[in-house]
Amino acid sequence: MESRGDISCCSAHRGWARAWSPSPCAFLGSWSLSGSMEPAFHRGDLLFLTNQIEDPIRVGEIVVFRIEGREIPIVHRVLKIHEKQNGDIKFLTKGDNNAVDDRGLYKRGQHWLEKKDVVGRARGFVPYIGIVTILMNDYPKFKYAVLFLLGLFVLVHRE
């Protein structure tokens with residue numbers, strides 16, 4: 001199983017870019033697109049995120065981060081924290097269901113994430129509410145069937 005760890009807000013509509021703009025206390029929603037965080041989150045779970053910039057990042061916390069050159073943010077757990085003598089914090093992440101840490105996902109030459117890479121932090125979720133969106137992306141025939149049925153419903157119920 002390929003575990004990408006991707007999450008994206010309304011990915012089927014690509015409307016997530018506006019929702020991902022950093023804000024000190026925004027409460028955002030997002031669909032889990034992979035199984036990399038199972039059993040904590042499953043594909044299709046709606047995640048609720050906050051972005052409290054002043055809060056310190058802790059080991060075990062689930063963060064959403066962006067990697068330069070990647071379109072979709074990733075959600076994984078903080079595995080290790082490295083604090084420099086000057087107080088700067090760097091951290092390493094890993095998907096709960098992945099065998100290795102995320103260094104292979106980071107941009108070439110990057111071994112740690114910084115606070116500037118964090119988009120948000122997971123604070124809660126609603127299970128499987130986004131599975132229809134994921135199914136429509138994964139199986140185009142399913143998407144066309146749903147659209148056909150919706151169109152048929154509209155035609156049948158016209159006044």
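**Notes on the predicted model**

1. Let's start with one rung of the sheet: valine 63 has arginine 121, in strand β8, as its bridge partner. Strands here (E, at least two residues) and helices (H or I, at least four) are DSSP runs, numbered from the N terminus. This is a predicted model, so to speak of local features pLDDT must be at least 70, side-chain atom pairs count only at pLDDT 80 or more, and totals for chains, interfaces and linings use all residues. Residues are numbered from 1 along each chain as its sequence is written, and side-chain values use heavy atoms, with hydrogens and water left out.

2. Valine 63 belongs to strand β4 (residues 62-65), which is covered on both faces. Ile62 and Val64 are buried on one side, and Val63 and Phe65 on the other. Buried means under 20% relative accessible area, with a 1.4 Å probe and protein chains only.

3. What does β4 pair with? With β8 (residues 118-126), the pairing is antiparallel over three bridges. With strand β5 (residues 74-83), β4 is again antiparallel, over four bridges, and there valine 64 has valine 75 as its bridge partner. Pairing needs at least two DSSP bridges between the strands.

4. Take a look at leucine 49 too, in strand β3 (residues 46-50). Leucine 49 is buried, at 0% relative accessible area. Its C-alpha sits 5.5 Å from that of glycine 120, although 71 residues separate the two in sequence.

5. Now the whole chain. The protein has three helices and eight strands, in the order β-α-β-β-β-β-β-β-β-α-α from the N terminus. Of the 159 residues, 38% are buried. Among contacts (heavy atoms within 4.5 Å) with a separation of 6 or more, 57% join residues 24 or more positions apart. The exposed area is about 9,600 Å², with 58% of it from carbon and sulfur atoms; such areas come from the Shrake-Rupley method with a 1.4 Å probe.

6. Last, the largest pocket, with about 200 Å³ of space. A pocket is an open set of points on a 1 Å grid over the protein atoms alone, where a 1.4 Å probe fits, with protein on both sides within 12 Å along at least five of seven lines; lining residues have an atom within 4 Å of a point. The volume is the space filled by probe spheres set on the points. Its lining includes Arg66, Lys90, Trp112 and Asp117. By class, that lining has seven charged, two polar and three nonpolar residues; Asp, Glu, Lys and Arg count as charged, Ala, Val, Leu, Ile, Met, Phe, Trp, Tyr, Cys and Pro as nonpolar, and the others as polar.

Methods:
Buried < 20%, exposed > 50% of the residue type's maximum accessible area, 1.4 Å probe, protein only.
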